[in-house]
Amino acid sequence: LHTAFDSVLKFQGDAIVNAANTGCLGGGGIDGMVNNLGGDELFYARKALPVIADDQAYQSGMRCMTGDAKITTAGRLPCSKVIHAVGPRFSFEGHEENLIKLEMAYKSAMDRARENELTSIGFCIISGGIFRGGCCLRNIVNTALESIAKYAYEGLKTVVFCGFTSDERRVIWDLVDSMRATA
């Protein structure tokens with residue numbers, strides 16, 4: 001596991017993990033940038049993901065449930081695949097339940113990577129931006145790092161966990177430092 005203080009969009013391995021929404025068609029933040037840089041090929045691959053058959057999900061155009069992940073081509077991005085993982089929308093309460101859903105999003109991303117025999121993955125921080133609500137960034141990053149380690153699989157050679165903002169960098173550095181101290 002490596003940390004990088006840069007955009008996951010520069011990752012040149014097998015796949016990046018995108019913090020997607022349930023519609024899986026693009027949104028704001030990193031998701032919008034993934035769509036923009038991936039171009040038409042990525043957009044149409046996302047659009048081809050089937051809408052979930054459940055009546056309520058179908059009406060809202062939901063292609064991926066919270067805690068799940070889907071995989072597509074990467075289009076013009078410098079990797080071959082994009083794993084679109086949907087983390088929870090944190091509010092200002094109920095963080096424990098949402099941290100469990102966040103772990104499931106990382107697990108699902110790792111499952112898609114394993115199923116596709118990927119050996120290198122770049123992660124952004126899922127639910128670390130506008131979906132973070134009142135949840136402490138440290139708890140979100142800690143859940144991410146623990147989940148990636150917990151669901152690593154045989155054949156996985158490289159995982160790069162990217163922090164982009166100065167707050168993300170500081171939290172990652174502090175957590176990695178404390179993990180080294182207890183190892």
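**Helix α3, its packing and the salt bridges**

The axes of α3 and α4 come within 9 Å and cross at roughly 40°. This angle falls outside the ranges for roughly parallel and roughly perpendicular axes, so the two helices count as oblique to each other. The crossing of α3 past α4 is right-handed. On the α3 side, the contact is made by Leu99, Leu102, Glu103, Tyr106 and Met110. Helix α4 contributes Asn139, Ile140, Thr143, Ala144, Ser147, Ile148 and Lys150. The model is predicted, and the values reported here are computed from it.

Helix α3 covers residues 95-115, 21 residues in total. At 1.5 Å a residue, a span of 30 Å is expected. The end C-alpha atoms lie 30 Å apart in the model, which agrees with that expectation. Just after α3, Glu117 adopts a positive phi of about 55°.

Many residues of α3 need to be named when burial is considered. Asn98, Leu99, Leu102 and Glu103 are among the buried residues of this helix. Ala105, Tyr106, Ser108 and Ala109 are also buried. Met110, Asp111, Arg112 and Ala113 complete the list. Strands and a helix receive this buried set. The strands are β2 (15-20), β3 (69-73), β4 (81-86), β5 (120-123) and β6 (158-162). The helix is α4 (137-150). Leu99, Leu102, Glu103, Tyr106 and Met110 are buried, and these residues also make the α3 side of the contact with α4.

Salt bridges were then examined. The count comes to ten. One network links Asp68, Lys70, Arg112 and Glu115. Within the network, the side chains of Asp68 and Lys70 meet at 3.8 Å, N to O. Asp68 has a relative accessible area of 23% and is therefore partly exposed. Lys70, at 26%, is likewise partly exposed. Arg112, another member of the network, is one of the buried residues of α3.

A further salt bridge joins Lys10 and Asp6, with an N to O distance of 3.3 Å. Lys10 counts as exposed because its relative accessibility is 54%, above the 50% cut-off. Asp6 reaches 30% and so counts as partly exposed.

Helix α5 (residues 166-182) holds the pair Asp167 and Arg170. The closest N and O atoms of their salt bridge are 3.8 Å apart. Why can these two side chains pair along the helix? Asp167 and Arg170 are three residues apart, and therefore separated by about one helical turn. An α-helix has 3.6 residues a turn, so residues three or four places apart point the same way. Asp167 is partly exposed, with a relative accessible area of 42%. Arg170 is also partly exposed, at 46%.

Ile172 is found in α5 as well. Its relative accessibility is 0%, so Ile172 counts as buried. Neighbours within four places in sequence were set aside for its contacts. Ile172 then touches Thr3, Phe5, Ile125, Val141, Phe161, Cys162 and Gly163. Of these, Val141 lies within the residue range of α4 (137-150), and Phe161 and Cys162 lie within that of β6 (158-162). Phe131 is 41 residues from Ile172 in sequence. The C-alpha atoms of Ile172 and Phe131 are 18 Å apart in space.

How values were computed
Residues are numbered from 1 along each chain as its sequence is written. This is a predicted model: local features need pLDDT of at least 70, side-chain atom pairs count only at pLDDT 80 or more; totals for chains, interfaces and linings use all residues. Side-chain values use heavy atoms; hydrogens and water are left out. Helices (H or I, at least four residues) and strands (E, at least two) are DSSP runs, numbered from the N terminus. The expected span of a helix is 1.5 Å times one less than its number of residues. Buried means under 20% relative accessible area, exposed over 50%, partly exposed in between (1.4 Å probe, protein chains only). Contact means heavy atoms within 4.5 Å. A salt bridge is a side-chain nitrogen of Lys or Arg within 4 Å of a carboxyl oxygen of Asp or Glu. Axes are lines fitted to C-alpha atoms, for helices over the stretch in contact, and angles run from 0 to 180 degrees between N-to-C directions. Angles under 35 degrees count as roughly parallel, over 145 as roughly antiparallel, 65 to 115 as roughly perpendicular and the rest as oblique. A crossing is left-handed if the near helix is turned anticlockwise from the far one by less than a right angle, and right-handed if clockwise.
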